Every structure is written in structure tokens, then in C-alpha cells.
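Here are some worked exercises to try with the model open in your viewer. Have a go at each task before you read its solution.

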Amino acid sequence: MSKPSVKPSRPFFSSGPCAKRPGWSLSALDQALLGRSHRAPEGRARLKEVITRSKNVLGIPADWRVAVVPASDTGAVEMVLWALAGGERGMDVLSFESFSGTWAQDLRDVLKIEDLRVHEAPYGQLPDLSAVDWSRDVVLTWNGTTSGVRIPNADAIPAEHEGLVICDATSAAFAMDLPWDRLDVVTWSWQKALGGEAAHGMLAISPRAAARLAEASPRPLPKIFRLANKKGLMEAVFEGDTINTPSMLCVEDALDGLRWAENVGGLEALKARSQASLAVVDEWVEKTDWVSFLAELPETRSCTSICLKISAPWFEALSPEAQGKAVKRLTGLVAQEGAGYDLASYRDAPAGLRIWGGATVNAEDIQALLPWLDWAYECTREEFSA
């Protein structure tokens, strides 16, 4: 099979940090507040602008509080789990890929929550959502970054529920609808759908969650996890103060992504861009006999972290170790040609491919990538199926 003649103009398909927005250059950071304190009025104003623009683009209700927090989405989720888990209610947690599995493991093995129920499913599937007890606190991941499986819609969550619904939305925010009226805590990071830089997380909490967080934590908390003190909730954190020192260069980049999101048409346009990427891959999978979606049900397929498995008999007959080597060879060939980078599945996931289709990726670049995957597959098949 001959090499394709056309390459993606932006061959960046990493699932984090993700592709910068179209047209991005270093000049976008020219106005960054460098050499200044984040606590100065100007620095605080920039951080507050990130909060305000995020609320506006995502459609977060006015009575919710939003904060910039340390350690990306991971930090945002952990600070909530450490503050709330083991308190007044038991917890249900959904575990169906790497990061949701980490939350379950932390609750069970690190925090040692006694009243904990883990609803598990293998890669490619969702747990039985009807088995969740919504009178308890529930921890869920809206979109599995490492499995390409997402919660299909809001119907699984009752409009009225006694417990708090804690949602890791890091690869869903700015690309999918989030039912704010049915969630209580939502986390994400800058590095995903808007192509920002890593290390900074975002935390959004409903009034019900704010009331719970203002109460005494069931355990001592390190400084970077504290959202409350003896006086109650630390309101300044939700007005542009931060728990520790942020990168003002990253803040400027986050603002650039948010302004771009507004300029292209807001959330509806961002969702449409991601759906266009998924549609391109879906059409290719339909006519390609060696690859299929990892997500088994069409309604659960992610439009951001598009995860694929190699379903050819020769590949499935390989040992897991050999499968990993074959994927490394396939993706390495594409990268070597400059036609696509960071295309292998997550290290804990089944060996396969993962194509980021978030809003900053152009669907035509994914269209140009796919013939290169076909070419690299044929090269790999000849080498590994002998």
C-alpha cells in the first residue's frame, strides 16, 4: 500500500495536553501578566475573568461558585473527595476506565470509606446506572478519557436526589452538554477541550455542595485541598484568589482559549466541532474491516476521546505484550511521517488507538489522518502477522 499524499495541517491528536485552538501562536500570550503577583489587582482580575468566561461559555447557573484550583482535574476531584467522603452519607462510585477506577481505588484503599459501593464495568461499557442509589453521594466520570465511553444523557440522574452528584467532566466540558440542574460538583482542566496548558484545575459547586463543603471535613486536609476554614467556605477562592500560586502565562493561555470559544459561537459551536470529528471517524470505521469502536453502544461513544480497538483476527491472536508492540509500531510509523502524534491508547487501556476530537481539532485534519492509519496498519500487519 502506497503512502497517502496528504497530511493533516495540524497533526496533533493528544488527549492531554490537547491541540491548541486553530490559528494559535505564541503571540496570543503577549499580554501575559509576567513578573507580577497573582494577588495584585491585575492578576486577580485575570483569574476572575477565567472564572466568569468559563461560567458564561458552559452555561453554569449564576448561583454556582467556580474556582481555579491546583493540580489539574486530578487535584480538583481529589480535593472534593477528601473533603466530603466519609461524612454524612455513604457513597456510590462508577468505575469503568482508568481515572474513574482511580477515584474508586482512592475511596476504598486510601480514604478507606466504609460505606462505599463501587459499580464497575469493563472498558467499552458503562456500569448499570439503574443500580445507583441517588440518596447517597455519587461520584461519576461523564466521559471516560481512557475508554471513549460517556454517559449518554442526563436521564440517568434523577432531577431530585438527596445526595451530592460529583462529576469529573475533564474531557466533556466545552464539548458536551452537562446537566447542571442534576449535578452538584463538576471538575475539569484547562488542558482538554480548549487546548490550554496543564497543572491548573477548575471546580464548580452548587449551593448544596457549597453548604456541605463549608462544614467541618471528616479528616484533616492539606492546605491545597482546603476550601473552608473556621469561618466557613473560603469565598475569596471563588472570586479570583487561588490556594497556591498559578502560572500567569497559563492563565493568559486559558483566557485565549475562552475568547476563541466565544468568537466561534460558544458551547453549541464547540459541540458541533467535536461531533464533526466523531462523524468522520464513524464513517471510516463503518467501511474499515480492521478497526472498531471500543465503546460498544453508539449512544455512549465519546466525541472527544475517540477510542478504537484493532479487531483483526491476527491482532486479537497476539499476546497482550505483542499487541502493545504492534500498536507502538503502527502509531510510530504515522508519527515518523509527521502525519499524527500521540495516537496510542492510554497505558492502562486495551491496546488500540485514541484520537482526540475535541473542539480545537479540525475535522478535516482527522479526515487526512485516517488514510495514514490504514497505511501504517498494513505495514504493521505484514510485520506482526507472519
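A residue counts as buried when its relative accessible area is under 20%, as exposed when it is over 50%, and as partly exposed in between. Keep in mind that this is a predicted model.

**Exercise 1.** Classify both partners of the salt bridge between Asp177 and Lys271 as buried or exposed, or in between.

*Solution.* Start with the pair itself: the closest N and O atoms of Asp177 and Lys271 are 2.7 Å apart. Next, place the partners: Asp177 sits in the loop between β5 and β6 (185-189), while Lys271 belongs to helix α6, 94 residues apart. Now apply the cut-offs. Lys271 has 12% relative accessibility, so this residue is buried. Asp177 has a relative accessible area of 46%, so this residue is partly exposed.

**Exercise 2.** Find which residues of helix α1 form salt bridges with Glu252 and Glu239, and classify the glutamates.

*Solution.* Take Glu252 to begin with: Arg46 is its salt-bridge partner, with 2.7 Å between the closest N and O atoms. This pair links helix α1 (residues 41-58) to helix α5 across 206 residues. At 5% relative accessibility, Glu252 is buried.

Then turn to Glu239, whose side chain meets that of Lys48 at 2.8 Å, N to O. Glu239 is in the loop between β9 (232-233) and α5, and Lys48 is in helix α1, so the salt bridge ties together parts 191 residues apart in sequence. Glu239, at 37% relative accessibility, is partly exposed. Lys48, at 27%, is partly exposed too.

**Exercise 3.** Describe how helix α5 (residues 248-264) packs against helix α6 (residues 266-287).

*Solution.* Two numbers describe such a packing: the angle between the axes and the distance between them. Here the axes come within 7 Å and cross at roughly 90 degrees. Because angles of 65 to 115 degrees count as roughly perpendicular, that is the label for α5 and α6. For the contact, α5 contributes Trp260, Ala261, Glu262 and Val264, and α6 contributes Gly266, Ala269, Leu270 and Arg273. Sorted by character, these residues give five nonpolar, one polar and two charged.

**Exercise 4.** Work out the strand order of the seven-stranded sheet and name its edges.

*Solution.* Walking across the open sheet gives β1-β7-β6-β5-β4-β2-β3, with mixed pairing. The edges are β1 (65-70) and β3 (116-120), each pairing on one side only. From one strand to the next, the twist averages 20 degrees. For a detail inside the sheet, look at β4 (residues 137-141) and β5 (residues 165-168), which run parallel and are joined by four bridges.

How values were computed:
Residues are numbered from 1 along each chain as its sequence is written. This is a predicted model: local features need pLDDT of at least 70, side-chain atom pairs count only at pLDDT 80 or more; totals for chains, interfaces and linings use all residues. Side-chain values use heavy atoms; hydrogens and water are left out. Two strands pair if DSSP finds at least two bridges between them. Helices (H or I, at least four residues) and strands (E, at least two) are DSSP runs, numbered from the N terminus. Axes are lines fitted to C-alpha atoms, for helices over the stretch in contact, and angles run from 0 to 180 degrees between N-to-C directions. Angles under 35 degrees count as roughly parallel, over 145 as roughly antiparallel, 65 to 115 as roughly perpendicular and the rest as oblique. Contact means heavy atoms within 4.5 Å. Ala, Val, Leu, Ile, Met, Phe, Trp, Tyr, Cys and Pro count as nonpolar, Asp, Glu, Lys and Arg as charged, and the others, Gly among them, as polar. A salt bridge is a side-chain nitrogen of Lys or Arg within 4 Å of a carboxyl oxygen of Asp or Glu. Buried means under 20% relative accessible area, exposed over 50%, partly exposed in between (1.4 Å probe, protein chains only).
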